[in-house]
Amino acid sequence: MKRSNKLFGISAIFNSPNEIIHAAKVIADYGYKNFDINTPYPLHGMDKAMKLKPSKLGYITLAFGLSGALFAILFMFWAMSIDYPQVIGGKPFFAFPAFIPVAFEVTVLLATLSTVIGLLTFVFGFPNNKQSLHDTNYMKKVSADKFGAVIYADDQQFSELKVKELFSSLNASSVELIYYFEKESYPIFQPKFLMLLLAVAVVTSGTTYFVLNKLLFMTPFNWMVYQDRLSAQEKSEFFSDNYGARPKVEGTVARGFLPYPFAGQNIPTETLVNPLLPTKEVLKLGENKYLSFCSPCHGNYADGDSRLRGQFPNPPTLHSTRAREFSDGMIYHIVTYGQNVMPAYESQVTREERWAIVNYIRALQRAKNAKESDIKELQMGLLDASK
Amino acid sequence: MHQNNIEYQKKDLPKNLSQLGWILFGAGLILGVIGFFTDQHRALLNYLIAYMFILSIGIGSLLLIALEYVGGADWSVPIRRVVEFLSSTIIFLPILVLPLVFSIHDIFHWAHTDVVAKDEILKAKSSYLNEAFFIIRVFAVLAVWGLFYYLLIRNSNAQDITKDQLLTKKNIILSAIFIPVFAITITITAVDWLMSLEPHWFSTIFGVYFFSGSVIASLAAITLFVVFLKEKGFMHPKLIDDHLFSLGALQFAFVNFWAYIAFSQYMLIWYANLPEENFWFLQRWENGWQYLSILLIIAHFIVPYAALLSQPAKMDPKRLKFISVWILFAHFIDLYWLVMPNVNGYYFSLIDIVVPLIAVGLIILVFNYRAKKSNLVPIGDPKLQKGLDFRVP
């Protein structure tokens, strides 16, 4: 690196920590403001000897640390309480204790990053890459085992003679004149350097990709995603027609779905006997299924008062004499096979559930048309109202 | 290591220090006894707080001595005697504990065998929480601490006369043994005296919580005495602000440590929200206790944190004196917060103020008593010169 004729500073080398602290004191007492001490490791008491003011870097750290905490809390407040509130573990949307660790981490992250970047920028002149002390014998020595002082030429009191005198009175060895580099600044972001960065990025990511995805590829944990069975509607190479979904094999019945033998026939209903007794459980099941499947048209109490508001013709009430005189098997047949505009419910409701619905309809019918004896029994507490 | 040639003349501490100690101790004792006859249960719990206060400062100081030896610290050598004097409260603990041992039934729920017999959880814990084993543990722990105190301080005092460097080495070994022993014994102490006040509750981090509180309290007491003695000219003249900076930095670190541990304990319990754990915090969040809980966060963490954040603040004697008194007060609140919510309903009693005076007075008296017997500077320590030359970078 070529150097100009302009003097940058005068450096001197000392042999021990005590000497350099003494030298720093003397230089500072002499009135020099613009000087520096370089040592291979930090020396206790150096700040005081050099009469350095406390560093301003702390304020940057504080400001960024505080804004990190604030940002983290505000962001979590927005994300967790406003934008996408979700109940997590029964905690409130603004779950402050849970935010503290994150806020702490962001605080530390921003504080440290800002300290490092602040240090690089304000102390080391980033993005300038070179300082005239570089590539000197002085720098080689003080970064190994010697202790150095350098007084810069732009100090107000600077004069070459006086500084040399001062150093020799301090018994310094190898006093050296240091000149500026020819160019004023060497910005770190030169095209060459940027190209290098780009090349390094491409090579590293490319190598990583090749090594991890091609060379050393191992099947990741995916045996829950890819299973041998077929998903619904999935194509299958196994069958000649490539349909994964197969039709029923002739002559077989799905589990729990006995086919209804009287579909499309005009009812031998007496042969269909209700297999269920009207126990509490059966009626509960019947109520449940009735309310799910029947009540939209027939109404909650089988009055034929649908909630459909005319979108579908209302069925007649089930409390008519005709309906009450239906046998159980008849109702079962209608539920299973459908009647007039009522569709069949064979596929939605199982056989047992249909019989439970029949029982429930019977209970509704009896409740609407109760006999006097029923009321008396109820008053005497003999009839359980819930049945 | 090399011999040092430090000139030091022993001076007596000012008389009004011992007077202050006697006044506080006497007033606390008399008013405390009166309080005992008006409200026995409350006075006993307050005495437990005072006892734990003395204990935490004593054992915290002994730990700091051990840390100095093990870590090879130089800066703390010139002030080590202050720490030693404060740790000497340990030898009074076996006497101070007697009123508590005699009233286990009044303090601890688990000491009633008829209650335990009806309670499945307490029955399961009774192999640990029973009177005989409790008393054995209490005195065994105090005996172990007394032993280590005796050995460490004996070596340190002997070094003043013989200037034997080997004694430092012996103390390093002793300290290395003491630190794990300390970890176990302080956990036992915290669990026995504080956690078992609520025998149904458990928290695995509780020992560390008490440890962090006691270290920050003893650091505050040390700083207070060091700044006070330095201002009156009793410390070595070469002891300067740089040494105070180290004390301030340690205080700052342990304020953070306490907050970290306290929050860890709270957050895990808050997150899991299990009824067998969370009732302890719920107790401290109702009936007026929530204000004390918030005060604890502010007094024990936020104020000391803000006051000690900057570098100049850590070496400013005025600031350090103020914040040390503050932290000691906060430590008292911490203990109060641990103990008192076990009394049903919140109410404030004058007994709460008078009993802690015993602790403060006693610490001053013990300090004064020990200062008469030993040098205030460990003049035989080979690291003393290096310690006095200590400078903040």
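Reader: Which domains is chain A divided into?
Author: Chain A splits into domain 1 (3–181), domain 2 (189–252) and domain 3 (269–379). Keep in mind that this is a predicted model. The C-alpha centres of domain 1 and domain 3 of chain A sit 87 Å apart.

Reader: What makes helix 12 and helix 13 of chain B oblique to each other?
Author: Look at the angle. The axes of helix 12 of chain B and helix 13 (residues 275–283) of chain B come within 9 Å and cross at roughly 120°. Roughly perpendicular covers 65 to 115 degrees, and roughly antiparallel needs over 145. A crossing of roughly 120° fits neither of those classes, so the pair is oblique. As for handedness, the crossing of helix 12 and helix 13 of chain B is left-handed.

Reader: Which residues make that contact?
Author: Helix 12 of chain B brings B:Tyr266, B:Ile269 and B:Ala272, while helix 13 of chain B brings B:Glu277, B:Asn278 and B:Phe281. By class, that's four nonpolar, one polar and one charged.

Reader: Okay, and how many residues does each chain put into the contact between A and B?
Author: Twelve come from chain B and eleven from chain A. On the chain B side, helix 12 (241–272) and helix 15 (311–315) are the elements that give two or more residues. Helix 12 of chain B has the largest share, with four residues. The chain B side divides into eight nonpolar, three polar and one charged.

Reader: Why is A:Asn340 called exposed?
Author: Count the neighbours. A:Asn340 has 7 other C-beta atoms within 10 Å, and exposed means 12 or fewer, so the label fits. A:Asn340 belongs to the loop between helix 10 (328–337) and helix 11 (351–368) of chain A. Its backbone is worth a look too: phi of A:Asn340 is near 50°, a positive value in a residue other than glycine.

Reader: Why does B:Lys163 count as partly exposed?
Author: Same kind of count. B:Lys163 has 14 C-beta neighbours inside 10 Å. Exposed stops at 12 and buried starts at 20, so B:Lys163 counts as partly exposed. You'll find B:Lys163 in the loop between helix 9 (131–162) and helix 10 (166–194) of chain B. Phi of B:Lys163 is near 55°, which is positive in a residue other than glycine.

Reader: Why point out positive phi values?
Author: Because most residues other than glycine have a negative phi.

Reader: And how do you know which peptide bond is cis?
Author: Check omega: the bond from A:Phe126 to A:Pro127 has omega near 10° and is cis. A:Pro127 is in the loop between helix 4 (96–123) and helix 5 (137–142) of chain A. Most peptide bonds are trans.

How values were computed. Residues numbered from 1 in each chain as written. Chains lettered and ligands numbered in written order. Predicted model: local features only at pLDDT ≥ 70, side-chain atom pairs only at ≥ 80, totals over all residues. Contact = placed C-beta atoms within 7 Å. Nonpolar A, V, L, I, M, F, W, Y, C, P; charged D, E, K, R; others polar. Domains from an automatic or database assignment. Axes fitted to C-alpha atoms, helices over the stretch in contact; angles between N-to-C directions. Parallel < 35°, antiparallel > 145°, perpendicular 65-115°, else oblique. Left-handed = near helix turned anticlockwise from the far one by under 90°.
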